[in-house]
Every structure is written in structure tokens, then in C-alpha cells.
Amino acid sequence: QVQLVESGGGLVQPGGSLRLSCAASGSTFSSYVMSWYRQAPGKERELVARIISVGSVGGPTNYADSVKGRFTISRDNAKNTVNLQMNSLKPEDTAVYYCHAKRSWTEYWGQGTQVTVSS
């Protein structure tokens with residue numbers, strides 16, 4: 001069983017930055033592919049960024065086209081954390097952001113953290 005707890009959401013002005021963190025329980029964190037998803041009101045949940053482990057640090061990543069060049073995902077397997085650095089935020093980035101862990105057929109979700117980009 002893995003529990004995921006997100007933090008770092010909040011209200012930010014357009015052009016600003018936020019850093020989301022996800023703390024995971026369990027001793028097998030490094031074996032999970034970790035991702036951030038988001039869901040805006042009235043829209044489906046969408047993948048924002050994903051990172052795979054290589055040894056003790058993060059490996060290959062991929063991003064949604066809408067966030068490429070602005071968001072950066074990273075992980076620290078020693079601390080069981082995955083982070084999402086969000087820069088140059090836009091109003092359309094407003095959503096609930098969810099941490100996600102997946103290994104084979106097993107997956108877990110965090111409870112979500114609200115990000116609101118507004119002036």
C-alpha cells in the first residue's frame with residue numbers, strides 16, 4: 001500500500017511560480033512511475049508530467065505539450081518525494097493537481113491540491 005500526500009498548492013498571479021510536492025509512504029517508492037495529473041472544472045483529468053526512476057534519482061520524463069518549458073518534474077527516491085516546479089503560470093493552469101503512482105497493474109492517487117492562477 002502506498003499513500004500519497006500533496007502539498008504546495010495555492011493562489012498565484014499569472015506569470016508566477018509554485019512548487020508542488022508529493023510525499024509517499026512505503027519502502028518501494030523507487031519502483032513506481034510517478035506522475036502529476038490535473039483536473040480543471042468541467043474537464044477530464046489529464047496527465048501533466050511523468051518521471052521514471054533510474055537508480056536513486058529520476059530518469060526519463062515526459063510532459064504535456066501545454067506545460068513543456070514551464071514545468072519541471074523531479075523525484076528524490078531517498079526521501080520518497082516527487083516535485084513539480086511550475087513557472088510562468090497561466091490562468092489555464094488552474095486545476096486540482098493530483099500525485100499518481102503506478103507499478104504494473106497497481107496504482108495510487110493522492111487527494112489533490114488546488115492551484116489557482118488569477119490576478
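This is a short walk through the rings and charges of the structure above.

Keep in mind that you are looking at a predicted model. The mean pLDDT of the protein is 94, and 98% of its residues reach 70 or more. Confidence does vary along the chain: strand β6 (residues 57-63) has the lowest mean, 85, while strand β11 (residues 113-117) has the highest, 98.

Let's begin with the aromatic rings. The structure holds three aromatic pairs. One of them joins Y98 and W109 in an edge-to-face arrangement, with 6.4 Å from centre to centre and 90° between the planes. Y98 belongs to strand β9 (residues 95-103) and W109 to strand β10 (residues 106-109), so if you trace the chain you will find the two partners 11 residues apart. Are these two rings buried or exposed? Y98 counts as buried because its relative accessibility is 13%, under the 20% cut-off. W109, at 36% relative accessibility, counts as partly exposed. Now look for Y37 as well, since ring pairs link Y37, Y98 and W109 into a cluster.

Y98 has another neighbour to find. The charged end of R45 sits over the ring of Y98, 3.7 Å from its centre. You can spot a similar arrangement elsewhere: the charged end of R75 sits over the ring of F29, 4.7 Å from its centre.

From rings, we can move on to charges that meet charges. How many salt bridges does a search of the whole structure find? The search finds four. In one of them, R38 pairs with D93, and the closest N and O atoms are 2.9 Å apart. R38 lies in strand β4 (residues 33-39) and D93 in the loop between β8 (81-86) and β9, so this pair ties together parts that are 55 residues apart in sequence. Both R38 and D93 are buried.

D93 also forms a salt bridge with R70, where the closest N and O atoms are 2.8 Å apart. R70 lies in the loop between β6 and β7 (71-76), so its bridge to D93 ties together parts that are 23 residues apart in sequence. R70 is buried, with a relative accessible area of 10%, and D93 counts as buried at 1% relative accessibility. Add E46 to your view and a wider picture appears: R38, E46, R70 and D93 are linked in a network of salt bridges.

Finally, turn to the salt bridge between D65 and K68, with the closest N and O atoms 3.1 Å apart. Here D65 counts as exposed, because its relative accessibility is 66%, over the 50% cut-off.

Technical notes:
Residues numbered from 1 in each chain as written. Predicted model: local features only at pLDDT ≥ 70, side-chain atom pairs only at ≥ 80, totals over all residues. Heavy atoms only, no water. pLDDT = per-residue confidence, 0-100. Helix = DSSP H or I, 4+ residues; strand = E, 2+ residues; numbered from the N terminus. Phe/Tyr/Trp six-rings, centres within 6.5 Å; stacked < 30°, edge-to-face > 60°. Buried < 20%, exposed > 50% of the residue type's maximum accessible area, 1.4 Å probe, protein only. Lys NZ or Arg CZ within 6 Å of the ring centre and 35° of its normal. Salt bridge = Lys/Arg side-chain N within 4 Å of Asp/Glu carboxyl O.
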